[in-house]
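Let's walk through a few local features together, one question at a time.

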Amino acid sequence: MPTSKWPISFNKPIIIAGPCSAESENQIFETAKELKKIKQVQLFRAGIWKPRTRPGCFEGVGVAGLPWLQRVKNELKIPVTTEVANANHVEECLKHDIDVLWIGARTTVSPFAVQEIAEALKGVDIPIMVKNPINADLALWLGALERFEKVGITKIAALHRGFHTYEKSHYRNPPWWRIPIELKRRFPDMPLICDPSHISGNRELIPRVSQKALDLDFHGLMIEVHPDPKNALSDNAQQLTPKALAQLLNDLNLKDSISPNDSFDQTLNGLRAKIDILDQEILVQLKLRLEIVKEIGSLKSKNQVTALQVQRFKELMDKRERQAFDLGLSSEFARELYQLIHNESVKVQTEQAKSDSNNASENQSKNTLN
Ligand code: PEP
Ligand code: MN
């Protein structure tokens, strides 16, 4: 099987940069020349086929853009990557010697599309990066990674680009970090790269999201860069100039996941021991809370009252958010936490009501038999 190596060194952080879309040979080459000057940039990105939510937007230059990427690779010696969404895209990229392929968020949602791409790669061990699906479904993301593993791809990275939401958010795609963290827990050795551009949707948020990803020990960042971002044909609010990228990389605070010395380890272990004790207490309190919830469940079912009472739920959430805020905690955190707790309470109440009514009918049939 022809095997191509990762064209990157994996010195953290791996920086992948380039425009959202390839627009012209000049735009590609000028951007790449500027990026060549930034030593952390290891891979040049540009979308050739652009998956747009609605027709009529710029949908990419198509195959015509592939020789432009080849020129970056051959003349500037920067490895290149582009997005593929079907078997034909794969075939064209292989013909044009593209180093790494990536799967976009709108493709990862479709197991048929992912399978088609994986089949087209049978026998070609090219490095692949798989973006998370637009919906917050970890299983779908893992499924896509697995489809590539199954056809024999050995170099696979996961790309975290945030998740679509209907809720109002200052992000274009909220990051919901717990999902990539869970992926990292299950596959600690798989490179995990963050795409702060598509998470943020605007230039201002990119530094904060990038720093957060590095603090969470991501392997690197994929950042959209354009020589004239405001006039870019796609994603013009989120692209950085090469100069702004250099500044961002300079400002990032790089941390190590390995302990620097013994006294650090001792202090850290002491603090973690305190957290373990508090967590045990929290769990005991939650258990006590659920015992009361069960009693409420029985009371409601005896009185033919539904487990969920929207008014009470609303009051409880408002009150907990205020209490959390008064304690200096984030109200968003309290809301998410109490949504989980309340879901569990409704579930326990429903189960309690079911078991009460089963017991009641068993007793009734015993009485009839007697
Ligand atoms: C892109 O990287 O330009 C892109 C289209 O991203 P996503 O698949 O994350 O929307
Ligand atoms: Mn984009």
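A polar contact here is a pair of N or O atoms within 3.5 Å, where one must be able to donate a hydrogen and the other to accept it. Please keep in mind that this is a predicted model.

Q: Which residue offers a side-chain oxygen to the backbone nitrogen of S263 at the start of α11?
A: Take the 3.5 Å limit for a polar contact as the test. At the start of α11, a side-chain oxygen comes to within 3.3 Å of the S263 backbone nitrogen. The residue that supplies this oxygen is N261.

Q: How does the reach of α11 compare with the span expected at 1.5 Å a residue?
A: Helix α11 covers residues 262-302, 41 residues in total. At 1.5 Å a residue, the expected span is 60 Å. From first C-alpha to last, α11 is close to that, reaching 60 Å.

Q: Which residue with a positive phi follows α11?
A: Look just past the helix, where phi is near 55°. The residue there is Q304.

Q: Which residues of β5 point the opposite way from I128 and V130?
A: In a regular strand, side chains alternate between the two faces of the sheet. Strand β5 spans residues 128-131, and I128 and V130 share one direction. Pointing the other way, and buried like them, are M129 and K131.

Q: Which residue in β6 stands opposite V130?
A: Strands β5 and β6 (residues 156-160) run parallel, joined by four bridges. With helix α6 (residues 138-150), they make a right-handed β-α-β unit. Opposite V130 in β6 stands A158.

Definitions and conventions
Residues are numbered from 1 along each chain as its sequence is written. Chains are lettered from A and ligands numbered from 1 in the order in which they are written. This is a predicted model: local features need pLDDT of at least 70, side-chain atom pairs count only at pLDDT 80 or more; totals for chains, interfaces and linings use all residues. Side-chain values use heavy atoms; hydrogens and water are left out. Helices (H or I, at least four residues) and strands (E, at least two) are DSSP runs, numbered from the N terminus. The expected span of a helix is 1.5 Å times one less than its number of residues. Buried means under 20% relative accessible area, exposed over 50%, partly exposed in between (1.4 Å probe, protein chains only). Two strands pair if DSSP finds at least two bridges between them. A crossover is right-handed if, with the strands pointing away from the viewer, the path from the first strand over the helix to the second runs clockwise.
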